[in-house]
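User: Could you take a close look at one part of this protein for me, the place where its domains meet? I'd love a connected walk through what is there.

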Amino acid sequence: MSEHIGAKPGTWEGESRLLFLAPMAGVSDLPFRLLAKECGADVTITEFTNSTALSREAAMSWRKMESHEKEVPFIPQIFGGDAGDMATAAEMLAASADIIDLNFGCPAPKVTKICAGAALMGEPKNLVSMVDGIIQRVDIPVTAKMRLGTGQGANNAFEICKELEDIGTSRLCVHGRTLRQRYSGEADWNEIKRIVEAVEVPVIANGDVVNAKSAKLCLETTHAAGLMIGRGAIGRPSVFGDIKVGLGWMKEEDLPWIQDLGDEWYERSAIGQAFATRKWCWDKYIDYSHQSVGLQPRWMQRHAVAFTKGLPGAKKIRNLMHGAPTPEAFADAISTYLAANE
Ligand SMILES: Cc1cc2nc3c(=O)[nH]c(=O)nc-3n(C[C@H](O)[C@H](O)[C@H](O)COP(=O)(O)O)c2cc1C
């Protein structure tokens, strides 16, 4: 068993379990992953990257695979419809990665039309043999993330997970929706529970966990080894610390933004605290950008919109973006804007 995977835990009785930042294309860039870790995420995963492009050494795709000494474990996620390219990309990544994660959950047509992502769940034999080929080629743990099924016919994540366990997949993550559902309806945590009970490898539950209340309910239902949080962390990476405090896994005063703000924190109203947290997160995102890949205007724009969502005058953010002469000026403008809303 790898030090980065751990054993399957038993029934959940309130103790801490791993919190994952979900891989999210256009969101889970390196500075955001580092920020999420500082906010309390235990594990981060890169956004999915095309294995064919990686195997052909495409520079743009390799840029997405950059990590930082603080990102331990480093888990790149790959997708693809060609088993050979998947194994080649995994082998190339194994030199720097701690774990390789495979995507069988993406519903985007540009992915499913090459029979990759969630579409592979409609071809379970190919999916399992693809994973087998990868496990044979690398000597680090291989994990897989999937949906409940394609939504055509009966769900098959249960059967696929059992087979993946048999061939040596180290950990499984299940998003409780089908490909057909995309993001509609509610995640079915009871289906995830069945899988948790049926396999001996750790299973991570994913779908609709957004705060301490839903985290508690999901763990009570699934007894999963951990929870993966996606949309709930967009613009709000502090959700990881909030969940840990809400479930009694850490003390509120140990949250890094409270540590940094000191007594000033407790003098604020609840809304003032929420805005101060967003400003702290934004400033850290910028710090981590400087420490890793440098300021990336497109990434900053996306996060700026998310960090300011719902705030008064947030629509002006786009003007701020276009009016700023440099990325540094843009970073400062957002920080000042958030401070004004504290
Ligand atoms: C903008 C966005 C991008 C995503 N990109 C990926 C990805 O690259 N790889 C992946 O496995 N899942 C991806 N997902 C799915 C999430 O990882 C997660 O499974 C899904 O959002 C359900 O979790 P949630 O309810 O916590 O958001 C993405 C989701 C969103 C919203």
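Analyst: Happy to! In this predicted model, the centres of domain 1 and domain 2, taken over C-alpha atoms, are 28 Å apart. Domain 1 covers 18-250 and domain 2 covers 253-340. Where they meet, 18 residues of domain 1 are in contact with 18 residues of domain 2.

Let's look at the side that domain 1 contributes. Helix 1 (30-39) and helix 10 (239-246) each supply at least two residues of the side that touches domain 2. Helix 1 gives the most to that side, with seven residues. Sorted by class, the side of domain 1 that touches domain 2 holds ten nonpolar residues, along with five polar and three charged ones.

Helix 1 is worth following a little further, into the strands around it. The chain leaves strand 1 (residues 18-21), passes through helix 1 and arrives at strand 2, making a right-handed β-α-β crossover. Strand 2 (residues 43-44) runs parallel to strand 1, and two bridges join them. Strand 1 also pairs with strand 9 (residues 226-229), again in the parallel sense, over four bridges.

One residue of strand 1 ties this picture together nicely: Leu21 stands opposite Thr44 in strand 2, and Leu21 also has Ile229 of strand 9 as its bridge partner. So to trace the region on your screen, you could start at Leu21, with Thr44 and Ile229 as its partners, and then move on to helix 1, with its seven residues on the side of domain 1 that touches domain 2.

Key:
Residues numbered from 1 in each chain as written. Predicted model: local features only at pLDDT ≥ 70, side-chain atom pairs only at ≥ 80, totals over all residues. Domains from an automatic or database assignment. Contact = placed C-beta atoms within 7 Å. Nonpolar A, V, L, I, M, F, W, Y, C, P; charged D, E, K, R; others polar. Pairing = 2+ DSSP bridges. Right-handed = clockwise from strand over helix to strand, strands pointing away.
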